[in-house]
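Thank you all for making the time this morning. I would like to walk through one model with you, going from one local detail outwards to the cores and the sheet.

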Amino acid sequence: EIAVNYGIKRNCDSVVILGDFMDFYGFSKFSKSRLTLEQFETERELGQDMLQLLQNTFGYVVLKQGNHDIRREQFIMQEAIRIPEMRELATYNDYLFFEGSNVQIVEAHRHITYGKLNGIHGHEYFGGGGLHIAHNRLIKTFDNTISAPSHRPESKILPNINGERFGSWALGCMCQLNTAYAPKNNWSHGCAVTEKDRNGMFEVD
């Protein structure tokens, strides 16, 4: 709610979700409780409602798949080895489709380009996390990068040998800060507003 209201205040005309929009905890390898399974049963409807709200509010929505988003597809594709008909159920776009939807789905391991800024999901670069997330992802991509999830906001700007400066912005999360699997943590909520000019130069706020 805070992020949506902030986007309205800043007159944003689009929304980019850099992954882990859906959790699909029910398809994860972790232990489940009855409560998590009940939440899993309503997850699709909640996801559709949120995407429809974002589309109605901002007009254009881009949803990039993260490692949590693909849990369902991976499970179905594994089961499709035994039951080929299940392959038809794997499409993320169909799963989240609602009437009038124009949400653009970006598959996992494909980065988003916004002028001279690249959007990635953190799991796409091995070793891109850790204590210094923004720094680690910058030296992995060697280019201007905005990424999620990091669960805490960080930024890092470094020059190359020619004095050209490149930056990395790691975003906070938009989930519950105190979860059953990580009740003690240093997470923070966060989002960003970006703007670019016709030359691809950009600002991250």
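Let me start with a question: which residue follows H6, and what is the sign of its phi? Bear in mind, as we go, that what you are looking at is a predicted model. The residue that comes after H6 is Phe-142, and its phi is positive, near 55 degrees.

Staying with that helix for a moment, H6 covers residues 133–141, and its buried residues are Ile-133, Ala-134, Asn-136, Arg-137, Leu-138 and Thr-141. As for what lies over them, the cover includes strand S5 (117–121), strand S6 (145–148), strand S7 (154–159) and S8.

That last strand brings me to Ser-168, which is found in S8, residues 165–170. Is Ser-168 buried or exposed? Its relative accessibility is 0%, and because buried means under 20%, Ser-168 counts as buried. The side chain of Ser-168 reaches the backbone oxygen of Ala-134 at 2.8 Å, and Ala-134 is itself one of the buried residues of H6. If we leave aside neighbours within four places in sequence, Ser-168 is in contact with Ala-134, Arg-137, Leu-138, Thr-145, Glu-154, Ser-155 and Lys-156.

Now let me turn to the nonpolar cores. The largest one has 15 residues, and the members that touch the most others are Ile-17, Leu-51, Leu-54, Leu-63 and Leu-96. Two or more residues come to this core from each of strand S1 (15–17), helix H3 (43–58), strand S2 (61–64) and helix H5 (92–96). Apart from it lies another core, this one of 10 residues, among them Val-62, Val-106, Leu-117 and Trp-169.

Going back to Leu-96, and not counting residues up to four places away in sequence, we find that it touches Phe-21, Met-22, Arg-44, Gly-47, Gln-48, Leu-51 and Leu-63.

Finally, the sheet: three strands form an open sheet in the order S1-S2-S3, with parallel pairing. S1 and strand S3 (104–106) stand at the edges with a single partner strand each, so one side of each is left without a neighbour in the sheet. Ignoring direction, neighbouring strands of this sheet are turned by 15 degrees against each other on average.

How many bridges join S1 to S2? There are three, and the two strands run parallel. Within this part of the sheet, Ile-17 stands opposite Leu-63 in S2, and both residues were named a moment ago among those that touch the most other members of the largest core.

Definitions and conventions: Residues are numbered from 1 along each chain as its sequence is written. This is a predicted model: local features need pLDDT of at least 70, side-chain atom pairs count only at pLDDT 80 or more; totals for chains, interfaces and linings use all residues. Side-chain values use heavy atoms; hydrogens and water are left out. A nonpolar core is a set of buried Ala, Val, Leu, Ile, Met, Phe, Trp, Tyr and Cys residues joined through side-chain atoms within 4.5 Å. Buried means under 20% relative accessible area, exposed over 50%, partly exposed in between (1.4 Å probe, protein chains only). Helices (H or I, at least four residues) and strands (E, at least two) are DSSP runs, numbered from the N terminus. Contact means heavy atoms within 4.5 Å. A polar contact is a pair of N or O atoms within 3.5 Å; within protein, one must be able to donate a hydrogen and the other to accept it, and residues adjacent in sequence count only if both atoms are side-chain atoms. Two strands pair if DSSP finds at least two bridges between them. Axes are lines fitted to C-alpha atoms, for helices over the stretch in contact, and angles run from 0 to 180 degrees between N-to-C directions.
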